[in-house]
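Biologist: Please take a close look at the salt bridges in this model. Then place them in their surroundings, from strands to pockets.

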Amino acid sequence: MNIERNYWKLIYLWIKYKSYHLVHDNKDHTEIWLANHQTKKVAIFQYGASSTQDVRFIKERIDEHHSDITQFLNFTPKQYNVFILTDKGFAHENLDSHHSHKYRFKILREKADVDRVTSSLGLRLASRFEDKKTKSHYRKQALNINPIEKHMLKFAPITYSLIAINVFIWLIMFLVLDRFSDFKLLDVGGLVHFNFVHGEWYRLITSMFLHFNFEHLLMNMLSLFIFGKIVESIVGHWRMLVIYLFAGLFGNFASLSFNTHTVSAGASGAIFGLIGAIFTFMYLSKTFNRKLIGQLLIVLVILIGISIFIPNINIVAHLGGFIGGVLITLMGYYFKHNRTGFWIVLIITLVLFLAAQIRIYTIQEKNIYNHIISSEMTAGHYDSAESMVKHTIAKHYDDDETYYLKGLITASKHSKTEAIADWQRGLREHPNSGILNYELAIASRAIDNKSKAKSYIKKAVKADPNKDTYQRLKKELDD
């Protein structure tokens, strides 16, 4: 067995796939210490021990300097796993213990010994996948001190899963939908103020996995790959997912508070939450690494620059997501270290949330369906507009303007007589509609039925007495 190669390979696997990071190595790199802050475990790798005494000496050093180790690591290790890679044949003394500190010693001489310490299915598959790389590659990656590259090395299953879900949903939409219009995005779960206030809260989540086009998807997934891996490396898999979803929801609430007339979609709010979390980590740790900050700012400027050329970018959602990422990160940190700080941040979060709800439910809503129907008509997509009208009526989201637009579509595609019939049906549903009474007054005047025209315009003026066009028509008919 190539002892040295397997020595560096195991260290590399522990760093990449088991969320350990390098905390100590001696001058000739024959002893490497790794730590996992989430599990509070330490893994010690030693290369070239020649006797039982060498192995025992490691345990004695740990016992003697345990308080210093605890202070250095900033946590009390729950377990020390010691891996001795050697080709020397000495009697193995069982040094495992559960007394003062928990120890697990493994003497690795053969490849079978190495395989046994990678016994979990995931790590075994990773070991086989990584097996073709060279010793120098393992060594270089294990000893890499570049802050960004260290985080990018780590295996990030949550980040990869989120990217896979977003890409999968986009592929389905690309294969099934003929074009990524607002109508289509609205139909499959895009975020809209009108639908949210009518009880379709699920759109807060579904909209985070929808994208307007390939460029929008590509930019977001590149951002998620970078910032997601960094956050997942720092806080762990499930905490990263909590930050991502919380920031995405916070960004969506911010969007709903100000945006009432467009469809919102995309993972940008959640991704900006990850960026907010990263800057919060640096603030809390008091380690303002200039190189790390510089690299992050360069990536951020590039992404913002690219986003300028992509339509439908929701700046409010980005800002809200960033704030959400900062708040949830502060809450997680202060919950462990400062309960007073935790309650302060929690109260701030709840105040912002309640303010957003008040704003969302009190601002004047705009029927997004009518807006999209009108936009489709302006673009000349009358078939799509007609389909949207049917969809709106079927969902009971229609109002008098819906029937007004329906009549215009019918007049354009079929005849004015059928359009009048549409407006009359709409008037039966919405008898106090100013716009439908006005259109029917014009239609009645056109066929010289002045009595009906006067009746309709009288109702229109009653519905909206400040409408100048209604008043002018009434005056003309009265004259």
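**Salt bridges and their surroundings**

Modeller: The count comes to 15 salt bridges. The model is predicted, so side-chain atom pairs count only at pLDDT 80 or more.

Start with Asp-131 and Arg-5. These two form a salt bridge, and their closest N and O atoms are 3.8 Å apart. The pair links distant parts of the chain. Arg-5 sits in helix α1, while Asp-131 is in the loop between α5 (121-129) and α6. In sequence they are 126 residues apart. Is Arg-5 buried or exposed? Arg-5 is buried, because its relative accessible area of 18% falls under the 20% limit. Asp-131 has 32% relative accessibility and counts as partly exposed.

A second pair is Glu-200 with Lys-395. Their side chains meet in a salt bridge at 3.7 Å, N to O. Glu-200 lies in the loop between α10 (193-197) and α11 (203-206). Lys-395 lies in the loop between α19 (382-394) and α20 (400-413). The pair therefore ties together parts that are 195 residues apart in sequence. Glu-200 is buried, with a relative accessible area of 10%. Lys-395 is partly exposed, at 31%.

A third pair is Arg-445 with Glu-476. The side chains meet in a salt bridge at 2.7 Å, N to O. Arg-445 belongs to helix α22 and Glu-476 to helix α24 (residues 468-478), so the pair ties together parts that are 31 residues apart in sequence. Arg-445 counts as partly exposed, at 34% relative accessibility. There is also a network: salt bridges that share partners join Arg-5, Lys-9 and Asp-131.

Now follow the chain on from α1. Ser-19 is in the loop between α1 (3-17) and β1 (21-25). Its phi is positive, about 60°, although Ser-19 is not a glycine. Ser-19 is partly exposed, with a relative accessible area of 24%.

Next comes the pairing of β1. Four bridges join β1 to strand β2 (residues 31-36), and the two run antiparallel. His-24 stands opposite Trp-33 in β2. β1 and β2 form a hairpin with five residues between them. In that turn, His-29 has a positive phi of about 60°.

Asp-448 also needs a backbone check. Asp-448 is not a glycine, yet it has a positive phi of about 60°. Its place is the loop between α22 (434-446) and α23 (450-463). Helix α22 is also where Arg-445 lies. Asp-448 is exposed, because its relative accessible area of 64% is over the 50% limit.

Turn to the open space. The largest pocket has a volume of about 1900 Å³. It is lined by 44 residues. Closest to its centre are His-37, Gln-38, Ile-234, Val-235 and Ser-285. The elements that give two or more residues to this lining are β1, α3 (66-73), α6 (135-142), α7 (147-153), α12 (214-235), α13 (237-258), α14 (268-285) and α16 (315-337). Which element gives the most to the lining of the largest pocket? That is α16, with seven residues. So β1 has two roles here, as a hairpin strand and as part of the pocket lining.

Then the enclosed space. The structure holds three cavities of 30 Å³ or more. In the largest cavity lies about 140 Å³ of space. Its lining has 18 residues, and those closest to its centre are Ala-265, Gly-266, Ser-268, Gly-269 and Ala-317. The elements that give two or more residues to the lining of the largest cavity are α13, α14 and α16. These three helices are also among the elements listed for the largest pocket.

Last, the surface. Phe-168, Ile-172, Phe-174, Leu-175 and Val-176 form a nonpolar patch there. Together they have about 560 Å² of accessible area. One of them, Leu-175, is found in helix α8 (residues 157-176). Leu-175 is exposed, with a relative accessible area of 69%.

How values were computed:
Residues numbered from 1 in each chain as written. Predicted model: local features only at pLDDT ≥ 70, side-chain atom pairs only at ≥ 80, totals over all residues. Heavy atoms only, no water. Buried < 20%, exposed > 50% of the residue type's maximum accessible area, 1.4 Å probe, protein only. Pairing = 2+ DSSP bridges. Patch = residues over 30% accessible without salt bridge, like charges linked within 9 Å, V, L, I, M, F, W, Y side chains within 5 Å. Areas by Shrake-Rupley, 256 points an atom, 1.4 Å probe, with all protein chains shown as cover. Salt bridge = Lys/Arg side-chain N within 4 Å of Asp/Glu carboxyl O. 1 Å grid on protein atoms, 1.4 Å probe; cavity = no way out; pocket = protein on both sides within 12 Å on 5 of 7 lines; lining within 4 Å. Points joined across faces, edges and corners; volume = space filled by probe spheres on them.
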